[in-house]
Structures are given as C-alpha cells and as structure tokens.
There are 2 protein chains.
Amino acid sequence: MTTTATVPSLTRDAERLNDALGELLRVVQFRDRDRACCYDVSVSQCYALKSVVEAEGLSVNDLAAALFLDKSTASRIANSLVDKRYVARTRDPEDGRVVQLVATPAGAAMSARIEADTTGEYAELLEGFGPEVRTALIELVGWLGRRFAAGVEVSGGSCCVVK
Amino acid sequence: MTTTATVPSLTRDAERLNDALGELLRVVQFRDRDRACCYDVSVSQCYALKSVVEAEGLSVNDLAAALFLDKSTASRIANSLVDKRYVARTRDPEDGRVVQLVATPAGAAMSARIEADTTGEYAELLEGFGPEVRTALIELVGWLGRRFAAGVEVSGGSCCVVK
DNA sequence: ACATATTGTTGCGTATGACAACTACCGCCA
DNA sequence: TGGCGGTAGTTGTCATACGCAACAATATGT
C-alpha cells in the first residue's frame with residue numbers, strides 16, 4: 001500500500017489467484033458430483049461420513065462446524081447417513097442434549113473405500129513430483145484453507161450485516 | 001510403484017492433499033455463499049456473470065463448458081441474469097441456433113464491483129509474500145485445476161458408467 | 001425453582017443441478 | 001430442393017443442498 005510500484009503486481013496476482021481458485025473450485029465440484037454416482041452416498045454425505053469416521057463421537061454442532069454448515073443442515077445430513085445405516089446416533093450420557101455420531105462398520109467400510117479410490121487419484125497426480133514439492137503443495141493448499149477459515153470466523157458468518 | 005519405500009509416503013501425501021483440498025473447498029464455498037448476500041446475484045450467477053463479462057458473446061454451451069455445468073443449467077442461469085438486466089441475449093447472425101450472451105453496462109458494473117472486492121481480499125492474503133512465492137502459489141493452484149479438468153475430460157463426465 | 005442458554009429437530013423457502021424430451025435451426029447429400 | 005441427421009437452446013421434472021426461524025428438550029446459574 002505504501003509503495004505504489006508493487007501495488008499493480010499484487011492486484012494482478014490477486015486476480016489471477018482468484019481465477020485459478022475459482023476454476024479449481026468448479027472442476028473439483030464437478031468431479032465430486034460426477035463421482036458421487038459411483039457410491040451409495042451423495043457429495044455432502046461423503047464429506048460428513050468422512051468427518052464422522054475421523055472424529056468418532058462427533059456432535060451435530062461439531063459436524064456443522066467441520067463442514068461450515070448450518071446445524072440444521074448438519075442434522076439432516078446426519079439423518080440421511082443414519083437412514084443408510086452408515087452412522088448411528090447415540091445420546092451423550094454426560095449431556096442429554098448432545099448427540100454422538102458414530103460410524104457403523106458399514107459406514108467405516110464405505111468411507112475407507114471412497115478414501116482409497118480418491119487417494120489413488122491424488123497419488124497419480126503427485127507421482128511426478130519429488131517429496132519436497134509435494135510437501136510444499138500440501139502446505140500451501142492447507143495454508144490457504146486456514147487463512148480463508150480465519151477470515152470467515154472473524155466475520156462471524158455474515159459478511160455484510162456485521163460491520 | 002517400483003520402490004516400496006516411497007509408496008507409503010506418496011499415499012500419505014495424497015491423503016493430506018485430499019484433506020487440505022477438501023477443507024479449502026468447503027471454506028471457499030461457505031465464503032461464497034456468505035458473500036452472495038452482499039450483492040444482487042447468487043453464487044452461480046456471480047460466476048456466470050464473470051464468464052460472460054470476460055468472454056463477451058459467449059454461447060450457452062460455452063458458458064456450460066466454462067462452469068462445468070449441464071447446458072440446461074447454464075441456460076437457466078443465463079435466464080436469471082437476463083431477468084436481472086445484467087446480461088442480454090442476442091442471436092448469432094451467422095448461426096440462428098446459437099445465443100450470444102453479452103453483459104449489459106449494469107452487469108459489467110456489478111461484476112467489476114464484485115471483482116474489485118474479491119481481489120482486495122486476495123491481495124490482503126498475498127501481501128505477506130514476495131512476488132516469487134505468490135507466482136508459485138498461483139501456478140500451483142492453476143496447475144491443480146488444469147490437471148483435474150484434464151482428468152474430468154477423459155472420463156467424459158461419467159466416472160463409473162464408462163469403463 | 002425459575003430464568004436463561006445451548007443442542008438438536010423440523011417447517012419452509014430458495015438455490016442448484018442433472019436428465020430427458022422437445023423445438024428450432026444448420027449442413028449435407030441424394 | 002427436400003429430407004435427414006446433428007447441434008443449440010429451452011423447458012418439464014425431479015432430487016439434493018442449504019439457510020433461517022421456530023420449537024422442544026436439556027443444562028446451568030443465581
């Protein structure tokens with residue numbers, strides 16, 4: 001901001017990052033939509049199932065936070081997974097309000113199958129790179145996600161209502 | 001594949017990239033949903049408007065291809081933008097079948113406003129880095145998108161139906 | 001014990017997107 | 001030149017996805 005010479009370059013880079021991320025977003029969404037037909041779960045169900053498998057005993061609120069969704073949406077996704085017998089709903093004995101979501105064996109198996117297939121694709125993608133480039137790529141993508149998440153949290157989830 | 005020692009590392013990297021990309025995807029989707037309320041357009045309308053502004057005279061099929069959507073969906077999004085007077089539909093004089101989508105002044109202005117706001121955020125994000133790191137980040141994200149797009153094209157948009 | 005806060009569920013409206021059927025138009029070719 | 005297959009777009013229909021608001025059930029603090 002202080003030096004005028006770097007500003008155009010920074011702005012240009014920002015535009016290009018925006019474009020590249022938008023493209024990546026769309027193609028990944030498309031891929032996910034497309035691949036969902038291969039399995040017994042929809043895209044959002046797939047992500048939710050993965051969250052439940054990874055953090056056994058997740059509450060509905062936790063699930064909503066993990067997926068950046070409203071708790072009502074999370075509740076319904078959990079419901080759909082329970083209907084498919086991939087997840088079981090139990091009550092927390094400590095706190096009668098909270099629900100604990102646990103993956104059933106079938107759910108864990110399905111998640112593992114999807115995970116293995118996906119990981120295989122990513123492995124192909126990364127094959128051509130050395131370990132240090134792969135690590136750098138992962139770090140950068142992870143950093144981007146965390147930065148966005150931080151930005152989202154400060155705004156409280158309401159960009160323009162909250163000043 | 002030949003050396004057993006590198007395989008676990010590659011698989012591990014693939015998993016981590018999957019996780020990081022999933023997280024990034026979700027948070028960006030959330031941010032987009034959240035920010036859509038600031039403007040007069042929905043998320044998909046925003047992307048479509050941007051495409052139309054950048055490639056004046058886009059056909060509906062082109063729009064669908066650019067956004068990785070079905071042509072019917074693209075047609076309806078175009079319709080909604082026409083309803084809002086952000087885009088005009090004209091017929092190609094060369095080929096009576098194709099529609100040419102052109103942004104109206106209001107559409108271009110809205111797109112520019114959104115673009116400026118978004119770019120500002122990205123600029124903040126990139127501020128801390130030197131130009132070479134910024135370029136590397138952009139290249140990597142762009143490369144990822146292209147690789148996914150290539151993978152999507154070979155499968156023809158039907159992952160498991162086509163063998 | 002009661003007011004208040006928190007967890008989760010449900011009603012409702014909207015957005016998003018695919019598939020299939022249909023119309024309109026193009027170009028080819030007999 | 002008149003039909004025929006192919007292509008561009010539109011529309012009907014359906015399913016999923018998501019948020020907000022209202023609500024019930026439970027927990028907690030005074």
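**Exercise 1. Which residues of α2(B) meet which residues of α5(B)? Describe the geometry of this helix pair and the character of its contact.**

*Solution.* The model is a predicted one, and the steps below read the helix pair from its contacts outwards.

Step 1: From α2(B), the residues that take part are Cys46(B), Leu49(B), Lys50(B) and Val53(B), and they meet Gly107(B), Ala108(B), Met110(B), Ser111(B), Ile114(B) and Glu115(B) in α5(B). By class, the residues of this contact comprise six nonpolar, two polar and two charged.

Step 2: Helix α2 of chain B covers residues 43-54 and helix α5 of chain B covers residues 105-126, and the two pack with their axes 10 Å apart at an angle of about 115°. Angles of 65 to 115 degrees count as roughly perpendicular, and α2(B) and α5(B) are therefore roughly perpendicular to each other.

Step 3: The handedness completes the description, since α2(B) passes α5(B) in a left-handed crossing.

**Exercise 2. At what angle do α2(A) and α3(A) pack, and how far apart are their axes? Classify the arrangement and list the residues in contact.**

*Solution.* Step 1: The angle between α2(A) and α3(A) is about 120°, and their axes lie 10 Å apart. That angle makes α2(A) oblique to α3(A).

Step 2: In passing α3(A), helix α2(A) makes a right-handed crossing.

Step 3: On the α2(A) side the contact involves Tyr47(A), Ala48(A) and Ser51(A), which meet Leu63(A), Ala66(A) and Leu67(A) in α3(A). Sorted by class, the residues of this contact are five nonpolar and one polar, with no charged residue.

**Exercise 3. How do the axes of α3(B) and α4(B) cross, and within what distance do they come? Identify the residues that make the contact.**

*Solution.* Step 1: The axes of α3(B) and α4(B) cross at roughly 110° and come within 8 Å, so these two helices are roughly perpendicular to each other.

Step 2: Helix α3(B) contributes Val60(B), Asn61(B), Leu63(B) and Ala64(B) to the contact, while α4(B) contributes Lys71(B), Ala74(B), Ser75(B) and Ala78(B). The residues of this contact divide into five nonpolar, two polar and one charged.

**Exercise 4. How many residues surround DNA strand C, and which are the closest? Work from the overall surface to individual polar contacts.**

*Solution.* Step 1: DNA strand C is surrounded by 24 residues, of which Lys71(A), Ser75(A), Arg76(A), Asp70(B) and Ser72(B) are the closest. The surface near this strand has nine polar, nine charged and six nonpolar residues.

Step 2: Both chains supply helices to the surface near DNA strand C, for at least two residues each come from α3 (60-67) and α4 (71-83) of chain A and from α2 and α4 (71-83) of chain B. Among the contributors, α4(A) gives the most, with four residues.

Step 3: Of the atoms of DNA strand C within 4 Å of the protein, 62% belong to sugar or phosphate, and the rest belong to bases.

Step 4: Three distances to phosphate oxygens of DNA strand C may then be listed.

- A polar side-chain atom of Arg33(A) lies 3.3 Å from a phosphate oxygen of the strand.
- The side chain of Ser44(B) has an N or O atom 3.0 Å from a phosphate oxygen of the strand.
- A polar backbone atom of Gly96(B) is 2.8 Å from a phosphate oxygen of the strand.

**Exercise 5. Which of the 25 residues around DNA strand D come nearest? Separate the phosphate contacts from the base contact.**

*Solution.* Step 1: Among the 25 residues around DNA strand D, those that come nearest are Ser42(A), Ser72(A), Gly96(A), Ser75(B) and Arg76(B). Of the atoms of this strand that come within 4 Å of the protein, 62% are accounted for by sugar and phosphate.

Step 2: For the phosphate contacts, an N or O atom in the side chain of Thr73(A) is 3.0 Å from a phosphate oxygen of DNA strand D, and a backbone N or O atom of Gly96(A) lies 2.6 Å from a phosphate oxygen of that strand.

Step 3: For the base contact, an N or O atom in the side chain of Arg97(B) is 2.9 Å from a base nitrogen of DNA strand D. The elements that give two or more residues to the surface near this strand are α2 (43-54) and α4 of chain A, together with α3 (60-67) and α4 of chain B.

Step 4: By class, the residues of the surface near DNA strand D are seven nonpolar, nine polar and nine charged.

Terms used
Residues are numbered from 1 along each chain as its sequence is written. Chains are lettered from A and ligands numbered from 1 in the order in which they are written. This is a predicted model: local features need pLDDT of at least 70, side-chain atom pairs count only at pLDDT 80 or more; totals for chains, interfaces and linings use all residues. Side-chain values use heavy atoms; hydrogens and water are left out. Axes are lines fitted to C-alpha atoms, for helices over the stretch in contact, and angles run from 0 to 180 degrees between N-to-C directions. Angles under 35 degrees count as roughly parallel, over 145 as roughly antiparallel, 65 to 115 as roughly perpendicular and the rest as oblique. A crossing is left-handed if the near helix is turned anticlockwise from the far one by less than a right angle, and right-handed if clockwise. Contact means heavy atoms within 4.5 Å. Ala, Val, Leu, Ile, Met, Phe, Trp, Tyr, Cys and Pro count as nonpolar, Asp, Glu, Lys and Arg as charged, and the others, Gly among them, as polar. A residue is near a molecule or strand if one of its heavy atoms lies within 4 Å of it. A polar contact is a pair of N or O atoms within 3.5 Å; within protein, one must be able to donate a hydrogen and the other to accept it, and residues adjacent in sequence count only if both atoms are side-chain atoms.
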